[in-house]
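Biologist: Please take one helix of this chain and go through it closely. I would like to know what it packs against and how it sits in the chain as a whole.

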Amino acid sequence: MYNIRMLIAFVGTAFIPYLLDQQILTIPLTLGVVAAALSDIDDRFSVRIRNLFLTYVGFFATAAAVELLFPHPVLFGIALIISCFCLILLGSLGKRYATISYGCLVVSVYTMLGVDIFPNWYEQPTLLVLGAAWYGCLSTISFLLFPVRLVQDQLDQCYRLLGNFLFVKSNLFDVDMTPENYQQAMIELSLNNAKLVGTFNDTRISLVTRLKGDRGQKDTRRSLQYYFIAQDIHERADSAHIDYLKLSKIFQHRDILFRFQRILSLQGKACQDLAHAIAKRQPYIHNHRFKHAFKNLDLSLDQLELEQHYDLVWLKALRSLQRNLKEIDAQLKNLESERAFLNSKVPSKDDVLQNDDLTGLKDIWQRMRQNLSPESGLFRHATRLSILLLVSHIIVQLTHLEYGYWILLTVLFVCQPNFNATKRRLKLRIMGTLAGVLIGTFIIHFIPSVEGQLVLLVISGVLFLQLRSQQYAQATMFITMLALINFHLADPQLNAALPRAIYTIAGCFLAWLGIMFIWPDWKFRRLPKVLQNTLISQCNYLAEIVKQYHVGRNNGLDYRTVRRKAHIMDAELASLISTLATEPDFDNDQKQHAFKFLCLNHTLLSYIAALGAHRNMIQDQEILLILDHALEDIQGALLHDEAPELKAQSAIQTLRDRILDQEQALDDQATVILQQLALILNLLPELSFLKQNLSYDHDPDATALASL
């Protein structure tokens, strides 16, 4: 549907001017469509109309300002740096404002490219807005015809990534696991978790907007249920009941690990089958092979218990893992019946989603104030990009380069908030531009007909917008082809291929200088702060789970919020550490410590998630007291750098000794709790050591930041 919409949009901007014999209009109309597509925001109908209005006002205002100030280079330069800084800082108010602001910046540079084409100041801004409105009209019609299509696409992506997560998780049951392989598998698991959590968050935002508009809408309620089930499966899939490295050594000559690995792989495939069913709006059919796989797993576990060669703790941990996988299987198996139940279901408090919208002027000021400091990545990005655009403008003014504002356009698209993302885009932008120049030149020379070039212009525009998120080099190639064809149609005597290539390389070079020397990331390293916030979110998650062991299971908003925060911080930590690893002055030993902390942190999250997966109210006061002591020990060690008394560890050992003396057995739930707490407590010394090492063994700037 997205491709069809984009096809109609570009056909209109390409062929209507052709039929009117006003080919020059193709440039601003097409660029207006591109800017509008980059600024498209998913929301319910009433808010969508408001967003479109704000977008068009912003587009016209920025384009008109460029037209009016362009003849005055000094005023234009001052306005450029101020407006760029303010527009980027508006992103602190939320994704809606960040998207509209970015679109306004894109339109401002597009206007610079065509400022000499139209004699009157209002013509180009009007045409740009007209192109954007044409896209907005098509987008709104598409929304009215398929109001939950985007949510379904996001759920499709959620379950696809969830399937990938389960595939990666199954690698932890490798019988030939080595410490090096284990660390690599945990890093891969953490990075996949980061992708999944980001998609969960985007889906939540889309669901919130639709639930506001129509809380009883059938498809929306169904999508909400799919979302909750995906989250529950994720918590269970991410949970860890055992040390996988030790597990592979103890059972390396038995079939039990293969059976767990097989079931996780089948569940990963089932999640991807479910994603396909959501995309095709078809019922999901559960794989009948699960019944046979679980039967064989039961038999293998029974055999291990009969042999009595293995520690009871390990066998009970395997049983807990088996129950967890059966719960995932039950969620998938009963999905259709859950959906049928949902059709008549009255919304409950457990169905509430957290709303991150602005709540007033105080909220606006607080969000803005948080980013009015060099410690904020957004503030540094706004400053860096503003300076780069101003420098680019000065270079163009001094050298009088024709279409030199392609340098500014390149800087705007390439310069990202962090070093790693910018470095990656630099390479892809240059490769894509050079490929686009070659292919575009070939098209112009060997397909001379206007109609043929218009068809290729339309195809290039559609493919650019389709590929821009995942295949940046290819997307750059197509937008380069679109630009060359566009300008050739406007002026057949113009040869824009060589300038496009040269100015792109110049813009990339300026972006590289900016990311290296204008407040580079490593001068404001956020690692100590992110480490602390990550551990705080982990402890809050554990505290909520401990609370529910006291008062009973509750899947309400408070629980889901702290769980989501823990996963978001784990994802942010994974993103930050993978970025730091590419920085030029990041010490190699510190890099090893950082990745080890990432693995241990995700292991901690998995152990806590296992406690969460089995949470239910218990009556045994001794177990509850151990839970409370464990929470104190963990908070003290991880948050306050204390050497805890480890009351919980001592209590666990005392309880185990008494059980052995009296030859009694704990129930399964108590066994799971004690096992998970023991696993968590065993992580504390190394986690605490790595945290202190990474927080204080940095350069002076980072040490000062860590002490704040």
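Modeller: What follows looks at helix 4, then at the chain around it and at two single residues in other helices.

The model is a predicted one. Helix 4 covers residues 73–89, which makes 17 residues. From its first C-alpha to its last, helix 4 reaches 24 Å, close to the 24 Å expected at 1.5 Å a residue.

Which residues of helix 4 are buried? They are Phe76, Gly77, Leu80, Cys84, Leu87, Ile88 and Leu89. An α-helix has 3.6 residues a turn, so residues three or four places apart point the same way. Phe76, Leu80, Cys84 and Ile88 are among the buried residues of helix 4, and so are Gly77, Leu87 and Leu89.

What do these buried residues pack against? Two of the partners are helix 3 (45–69) and helix 5 (95–113). The buried residues of helix 4 also pack against helix 15 (361–369), helix 16 (377–399) and helix 17 (406–414).

Now the chain as a whole. It has 28 helices and zero strands. Of the contacts in the chain with a separation of 6 or more, 82% come from residues 24 or more positions apart. The radius of gyration is 29 Å, which agrees with the value near 27 Å that a compact globule of 708 residues would have. Along the principal axes, the C-alpha atoms fill a box of roughly 95 × 60 × 50 Å.

Burial and surface can be given for the chain too. Of its 708 residues, 54% count as buried. The chain exposes about 30900 Å², and carbon and sulfur atoms supply 59% of that area. As for charge, the chain has 66 positive and 66 negative charges, and their mean positions are 5 Å apart.

Two residues from other helices can be set beside this. Ser320 is found in helix 13 (residues 312–333). Ser320 counts as buried because its relative accessible area is 4%, with the cut-off for buried at under 20%. Leaving out residues up to four places away in sequence, Ser320 touches His241, His614 and Val672.

Phe509 belongs to helix 21 (residues 497–517). With a relative accessible area of 49%, Phe509 is partly exposed, since exposed means over 50%. Phe509 and Ile407 are 102 residues apart in sequence, and their C-alpha atoms are 9.8 Å apart in space.

How values were computed. Residues numbered from 1 in each chain as written. Predicted model: local features only at pLDDT ≥ 70, side-chain atom pairs only at ≥ 80, totals over all residues. Heavy atoms only, no water. Helix = DSSP H or I, 4+ residues; strand = E, 2+ residues; numbered from the N terminus. Buried < 20%, exposed > 50% of the residue type's maximum accessible area, 1.4 Å probe, protein only. Rg over C-alpha atoms; globule rule 2.2 N^0.38 Å. Contact = heavy atoms within 4.5 Å. Areas by Shrake-Rupley, 256 points an atom, 1.4 Å probe, with all protein chains shown as cover. Lys, Arg positive; Asp, Glu negative; His and termini not counted. Charge placed at Lys NZ, Arg CZ, Asp CG, Glu CD. Expected span 1.5 Å × (residues − 1).
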